[in-house]
Amino acid sequence: MEYNPKEIESKWQQQWADSQIYKVENHSEKPKYYVLDMFPYPSGAGLHVGHPLGYIATDIVARYKRLKGFHVLHPMGFDSFGLPAEQYAISTGQHPAKTTEENIITFKSQFAKIGFSYDWSREVQTSSPDFYRWTQWIFGLLFNSWYNKKADKAEKIDSLIALFQAEGNANVQAFCDSHTPIFSAQEWTNFDFAKQQELLAHYRLTYLSEAMVNWCPAMGTVLANDEVKDGFSERGGFPVERKKMKQWMMRITAYADRLLKGLDTLDWSDSIKEIQRNWIGKSMGAELDFKVDGKDITLTVFTTRIDTIFGVTYVSIAPESDLIAELTTSEQKDAVDHYVHTAINRSERERMADVKTVSGVFTGSYVINPFNNEKIPIWIADYVLAGYGTGVVMAVPSSDERDFKFAKHFDLPIIYVIEGTENLENPCDKKHGKLINSGFLNGMETKDAILKAIEKCEELGVGTAKINYKMHNAVFGRQRYWGEPIPVYYENGIPKLIDSSELPLVLPEIDQYKPTETGEPPLARAKNWKYKGTFEYEHTTMPGWAGSSWYFARYKDAQNDKEFCDQTAEKYWGQVDLYLGGAEHGTGHLLYSRFWNKFLKDLGYISHEEPFKKLINQGMIQGVSSFVYKLKDQNTFVSKNLRKDHDSFEIHVDISLVKDHVLDVEGFKKWRSEYANSEFILENGKYICGDMVEKMSKSKHNTVNPDDIIARYGADTLRLYEMFLGPLTQFKPWDTHGIDGVLKFLKKLWRLFYDAQGNFVVSNEAATPAELKILHKTIKRIAEEIERDSFNTPVSMFMICVNEFTALKCHKASILSDFLVILSPYAPHISEELWHLLGKNSSIIQAEYPIWKQEYVQESSFEYPIMINGKMRAKMNFSLDMPQAEMEREVLASEHIQKWLEGKAPKKMVIVPNKIVNLVV
């Protein structure tokens, strides 16, 4: 009987699905373990072999923890709102829901073929009204909440209104907009409803605001900073411009300090934690006011180095500043208009990253330095960010690298304020020291000077100490169709929430999925779509990160239609014990989900401060791309090693058309119609392609479908091989050269049960000490490796173990049954099949992980290398309890050793226990 993975795997996948073996209840006397993957967006291309890497690792953990006696929650769902389905809808007219549904069917089919142990009864899809009903509900909670600094938590807006009614807002300790006006209790009472709502918007955790956004006209939507690269959309490569628009915002900055402190409690990689710390960007400093000369305008700067105030030689403002028109003189207007138009269309991320380009323009206006009354010019510079600090920078060229380059470029003065910088080629190389040229600060060290300067600015009434964060409040609206409708309607221009009993607010049907001819979002196309038939709904939809910011909580009670999660279930499952996904989500999903989790905890809906206790960022299985080389302006392709003689450029070619670097020319001609009549310049009768290791993607034609690998080798082989490729967190290229070895291993395992003639050869004989030693050492080491997240090394251990069993002709049921249990997290199908052939009635999934015994793993002897004058000449085995004198006698009695001694007596013999025997002749 031969090993037939196709038959075995389909059989057990069906049986596991029919029996719902992975379904779990929300209670158990067992300890719980919640293991979760970042759920995928269901793209039309389906999975390629790079995608299952992390899913296989978490499946191994889930299966291992079940064997270890844990009640395991291992769900899967789909982040199913996304731009690709909407772009496809715009070009074809097919509803995004239909496209998404078809793609999910493909994904689930591929998941099933790999044998993942998901509890599909808990599946979530963010685009399902049953799910986004609760996303809308959370939006409503945020809208009706404020952040109380005194309590250090979010509270319902009613408590803030009560404070306003009792005492106004002068003493309210809250996170709010910096320009929030001060009012008394009496004034609050006298305000009409519209004015009260306007003031409350300054405090709400989600609110409408004018904000600079990344507007992509081609896509008709606003993009997040992490969706823009070098001025173009990351998806599609469309131009992106900076534009001021009214947007829904999330006040994530209220949680900045808690987001920072929480990182210290997490079992995450240092790199991801550092990425988040830098993104949040906490800094201690001061706000300082500069009066504009001749105008009733004050520019407020935030600085961490107020001690360098006497070195300020210009002030720079962000290109997005509302004050530019007022500050620009008529002589400078044309230059300013031209510069601002160019500068605002670069994303903030691009401007932060570009440290080489120096650009700016003088406004024609000046400010007065409040410490020495000197006139200082006001410039506009794109390295100043509107969202960081106040959007104004006091420039000290002798102390800041960008200010220094700017001053050099525009020939602005440089005043040295730190002793020892006067003679440096770059004064910014020295950041701290004694102050010079700094009035009352002269002679003071940096730390003392900062405190003294803050004290002075507060005394003069021109500034105050301040903590600042680089992180901005998050834009929460998108001008697109395929997203969660924001549950808001407008009455007399005032945004009002739909009552939670009326949720979900379902996406309406529309005739086209693009913005209207007047530039309104697609939802404005909906016919008769108004609240109670009268009031306009909000026409923007939620961003892609809305559903993913809380989906992990819904899995705990996914079918509950009464509340977002039953409190008993929420407390039982608690935090995600192991979360796995890509590091690229460090400043997006991983930050937003921590924010929403903390907010929901504040309101009592979640019992823990952080959503993900442990995080592993898997590496990437990269593709090996193939290239052909096309001559410019000709339909001719030149072979790789001949291209130096031709003017050509490279084009990705489908890797299925290339074998051992040689292109299937006829297949290439059929691949695309424009290449049907191509000509080829060959070398030795062959067209040789170039190659490169890079990200696996459909656009690079270098993807490998796991279905094809499974059809040829089986799912268990794929699972083992993906782990075998290397450490989970590392990047590695896809290479099938070693996959045959994994299949041979499984066939060799099969031979321990069936001989070449197909006879079942397993016996009930007692195991020998040698067999028990091999088994128990493997049981111990596999558990240790999985516990420390080393998923690649067990594969070679399994292979070694089977080789040793084969050498011993071990066909003992007692040995093989335990081995199958420890193998089953990696290769569940063959393990289940052989487990039942041993006569087991229940599934191997419900087995217990075997306990290794010290008596079987303890070594009774040690093989010593015998060194003579520093060279190893032999190996000898000695009992661990053998006296050294007896070891010496046996070494000298060895004929092999005597041959090397040539009749001479050794001058010295040194024995290092359990290490080495060294003879000096």
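# A quick tour: strands, sheets and salt bridges

Strands β10 and β11 make a hairpin, with five residues between them, and Gly294 in the turn has a positive phi of about 80°. Keep in mind as you look around that this is a predicted model. Below, we follow β10 to its partners, move on to an open sheet, and then check out some charged residues and two buried ones.

**Strand β10 and its partners**

- Let's stay with the hairpin for a moment: β10 and β11 (residues 298-303) pair in the antiparallel sense, with six bridges between them.
- If you want a spot to find on screen, look for Phe290, whose bridge partner in β11 is Leu299.
- β10 (residues 282-292) also pairs with β16 (residues 463-469), again in the antiparallel sense, over seven bridges.
- One place to see that pairing is Ser283, which has Asn468 as its bridge partner in β16.
- There is also an antiparallel pairing of β10 with β13 (residues 360-368), this one over two bridges.
- Here Val292 stands opposite Val367 of β13.
- A handy bit of background for any strand you look at: in a regular strand, side chains alternate between the two faces of the sheet.

**An open sheet with a helix packed on it**

- Now find four strands that form an open sheet, in the order β6-β5-β9-β17, with antiparallel pairing.
- Which strands stand at the edges? They are β6 (221-223) and β17 (474-475); each has a single partner strand, so one side of each is left without a neighbour in the sheet.
- Helix α5 (residues 129-143) packs on this sheet and touches both β5 (206-216) and β9. The direction of α5 makes about 90° with that of β9.
- β9 (residues 241-250) is joined to β17 by two bridges, and the two strands run antiparallel.
- To spot where they meet, look for Met250, which stands opposite Ala474 in β17.

**Salt bridges**

- How many salt bridges does the structure hold? The count is 42, and a few of them are worth a closer look.
- Glu491 pairs up with Lys496 in a salt bridge, their closest N and O atoms being 2.9 Å apart.
- Both ends of that bridge are partly exposed: Glu491 has 23% relative accessibility, and Lys496 has 22%. Neither counts as buried, because that would take a value under 20%.
- Lys780 forms a salt bridge with Glu784, and here the closest N and O atoms are 2.8 Å apart.
- Where do Lys780 and Glu784 lie? Both are in helix α24 (residues 769-787), four residues apart, which is about one turn of the helix.
- Lys780 is partly exposed at 23% relative accessible area, and Glu784 is partly exposed too, at 37%.
- Some bridges share partners, and in this way Arg258, Arg594, Lys598, Lys601, Asp602, Glu609 and Glu610 are joined into one network.
- One bridge to look at in detail is that of Glu609 with Lys601, where the closest N and O atoms are 3.9 Å apart. That still counts as a salt bridge, because the cut-off is within 4 Å.
- Glu609 is partly exposed at 25% relative accessibility, as is Lys601 at 32%.

**Lys630, a buried charge with no salt bridge**

- Lys630 sits in strand β24 (residues 621-631).
- Lys630 is buried yet has no salt bridge. Its nearest side chain of opposite charge is Asp633, 7.4 Å away.
- What does the side chain of Lys630 reach? It gets to the backbone oxygen of Gln634, at 2.6 Å.
- Setting aside neighbours within four places in sequence, Lys630 is in contact with several residues, including Phe637, Asp647 and Phe649.

**Ile621, in the same strand**

- Ile621 also has its place in β24.
- Is Ile621 buried or exposed? With a relative accessible area of 1%, Ile621 is buried.
- Once you leave out neighbours within four places in sequence, the contacts of Ile621 include Val49, Leu53, Met696, Leu725 and Trp734.
- For a sense of distance, try Ile621 and Lys669: they are 48 residues apart along the chain, and their C-alpha atoms are separated by 29 Å.

Conventions
Residues are numbered from 1 along each chain as its sequence is written. This is a predicted model: local features need pLDDT of at least 70, side-chain atom pairs count only at pLDDT 80 or more; totals for chains, interfaces and linings use all residues. Side-chain values use heavy atoms; hydrogens and water are left out. Buried means under 20% relative accessible area, exposed over 50%, partly exposed in between (1.4 Å probe, protein chains only). Lys and Arg count as positive and Asp and Glu as negative; His and the chain ends are not counted. A polar contact is a pair of N or O atoms within 3.5 Å; within protein, one must be able to donate a hydrogen and the other to accept it, and residues adjacent in sequence count only if both atoms are side-chain atoms. Contact means heavy atoms within 4.5 Å. Two strands pair if DSSP finds at least two bridges between them. Axes are lines fitted to C-alpha atoms, for helices over the stretch in contact, and angles run from 0 to 180 degrees between N-to-C directions.
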